[in-house]
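Colleague: Could we go through this model together? I would like to begin with the symmetry and then turn to the contacts.

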Protein chains: 2
Amino acid sequence: MARSASAMRGQILESALRLFAVHGFRGTSLQDIASDVGCSKASLLYHFAGKEKIFTELLTPAQDALAALLDRVAGLEGGRLVEETVVGYVDLTLRFRREIRLLFEDIAEMSCHQDLNVIELADRLLDALAGRSQHPPARVAAWMVLGGVFITGATDDEVAPDEVLRAEMIRSALRTLDHTPS
Amino acid sequence: MARSASAMRGQILESALRLFAVHGFRGTSLQDIASDVGCSKASLLYHFAGKEKIFTELLTPAQDALAALLDRVAGLEGGRLVEETVVGYVDLTLRFRREIRLLFEDIAEMSCHQDLNVIELADRLLDALAGRSQHPPARVAAWMVLGGVFITGATDDEVAPDEVLRAEMIRSALRTLDHTPS
DNA sequence: ACCATAACTGTCCGATCGGTCAGAACTGAC
DNA sequence: GTCAGTTCTGACCGATCGGACAGTTATGGT
């Protein structure tokens, strides 16, 4: 064996990213990664100071890219600011799709392993939000609302009193869905 | 001791919800919950068949409420369908805010424990998306976009080819932010 | 061929966790 | 007071995990 150090590190990160994205961080043991790579658990700890260091190294590129984007738009304002930020942010989430996914698969695994069948409910909710349409624009917008409301409602950032928060979430969601409220 | 069974179950669920929402499901041990309740770990397992059963029982009301909402809007269509779904969904996320939060705190804890400082970056991103505005409507919309893009980009639901997905995410986000693209 | 160094591994350890079980403590009905 | 049934607990178990460490194997420069 004894591959080059950098190649080995790359293989470890690749396996870790794939396994984390399927079973989550805590749901993946060092032994799992070692087996996937084809080396011993001790070898992982020779190349990385600990399990968390692997995790950190996986997310650092995404973090750096986000920081770079924010620096890039720091000087802008008004329409240009918003547009560039949105486009850059969307591109980042697509580029680092797997890295983001690994953050959620911990949840996904938990929510499915038991009799909770959130998948089916999420699907029905998506259908309703899309107005039963199957067209990609409507589906994408429905996903945006599903995720946006979910996260915004759960945030502890006291952005506004609950009544205002509720009203603005509804208005924003309807805008997202391109739906002029009656 | 020997409280009434139902009162005990209530206390356990209350403590579990609070602890799960702070340290996450896997980050909270049965001993943690027992200490918080003021009983033994074995006592928890007398009232609940296992750790997952506690988790399930915590999320079941939210799941039932969502199912009820979907049944309620099942017969609607067009504008009424979308509006009622959005309002109902927003209300649900606010009502079950703590339950949703417990799903995420596993992530939050992970993302902060190391040198990754996602919080500061998320704050800067929020500012940019809101066009540096501090007004609640702009802030809420920025949160909706931040969460919506994050989740939509990470979903494995093949809703559209990547180019279409990207374009529609950008269009949706700009609509959410009430920003007419140039 | 030799050897210093890098790469790698088998084995062990302490800690933690979810869960079991026999029995103690408490309760209310009689 | 007695007793059956409910509630509760300390002690223990097996499994798993992240990590430490001494020792082995491969590598590349000389």
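Modeller: The conversation below concerns a predicted model and takes up chain symmetry, a helix pair and a DNA strand in turn.

Colleague: What turn and shift lay chain B on chain A?

Modeller: A turn of 180 degrees with a shift of 0.0 Å along the axis lays chain B on chain A, and the RMSD is 0.1 Å. That is the relation of a two-fold axis.

Colleague: Which C-alpha of chain B is nearest the axis?

Modeller: That of B:Gly148, which lies 1.9 Å from the axis.

Colleague: And why do the copies meet through the same surface?

Modeller: Because 100% of the interface residues of chain B are also interface residues in chain A.

Colleague: On to the helices. At what angle do α7 of chain A and α5 of chain B pack?

Modeller: Helix α7 of chain A, residues 118–129, and helix α5 of chain B, residues 78–95, pack at about 135 degrees, and their axes are 8 Å apart. The two helices are therefore oblique to each other.

Colleague: Which residues make the contact?

Modeller: From α7(A) they are A:Leu125, A:Ala128 and A:Leu129, while α5(B) contributes B:Leu81, B:Val82, B:Thr85, B:Val86 and B:Tyr89. By class, 7 residues of this contact are nonpolar, 1 is polar and none is charged.

Colleague: Now the DNA. How many residues surround strand D, and which are the closest?

Modeller: DNA strand D is surrounded by 19 residues, and the closest are A:Leu30, A:Lys41, A:Lys51, B:Ala42 and B:His47. The surface near the strand has 10 nonpolar, 6 polar and 3 charged residues.

Colleague: Which helix gives the most to that surface?

Modeller: Helix α3(B) does, with 4 residues. At least two residues each come from α3 (41–47) of chain A and from α1 (5–23) and α3 (41–47) of chain B.

Colleague: What share of the strand's atoms within 4 Å of the protein belongs to sugar or phosphate?

Modeller: For DNA strand D that share is 55%, and the rest of those atoms belong to bases.

Colleague: Where do polar atoms of A:Lys51, B:Tyr46 and B:Ser40 lie relative to phosphate oxygens?

Modeller: A polar side-chain atom of A:Lys51 is 2.5 Å from a phosphate oxygen of DNA strand D. For B:Tyr46, a polar side-chain atom lies 2.9 Å from a phosphate oxygen of the strand. In the case of B:Ser40, a polar backbone atom is 3.0 Å from a phosphate oxygen of DNA strand D.

Definitions and conventions:
Residues are numbered from 1 along each chain as its sequence is written. Chains are lettered from A and ligands numbered from 1 in the order in which they are written. This is a predicted model: local features need pLDDT of at least 70, side-chain atom pairs count only at pLDDT 80 or more; totals for chains, interfaces and linings use all residues. Side-chain values use heavy atoms; hydrogens and water are left out. Axes are lines fitted to C-alpha atoms, for helices over the stretch in contact, and angles run from 0 to 180 degrees between N-to-C directions. Angles under 35 degrees count as roughly parallel, over 145 as roughly antiparallel, 65 to 115 as roughly perpendicular and the rest as oblique. Contact means heavy atoms within 4.5 Å. Ala, Val, Leu, Ile, Met, Phe, Trp, Tyr, Cys and Pro count as nonpolar, Asp, Glu, Lys and Arg as charged, and the others, Gly among them, as polar. A residue is near a molecule or strand if one of its heavy atoms lies within 4 Å of it. A polar contact is a pair of N or O atoms within 3.5 Å; within protein, one must be able to donate a hydrogen and the other to accept it, and residues adjacent in sequence count only if both atoms are side-chain atoms. Copies are superposed by least squares on the C-alpha atoms of residues with pLDDT of at least 70 in both.
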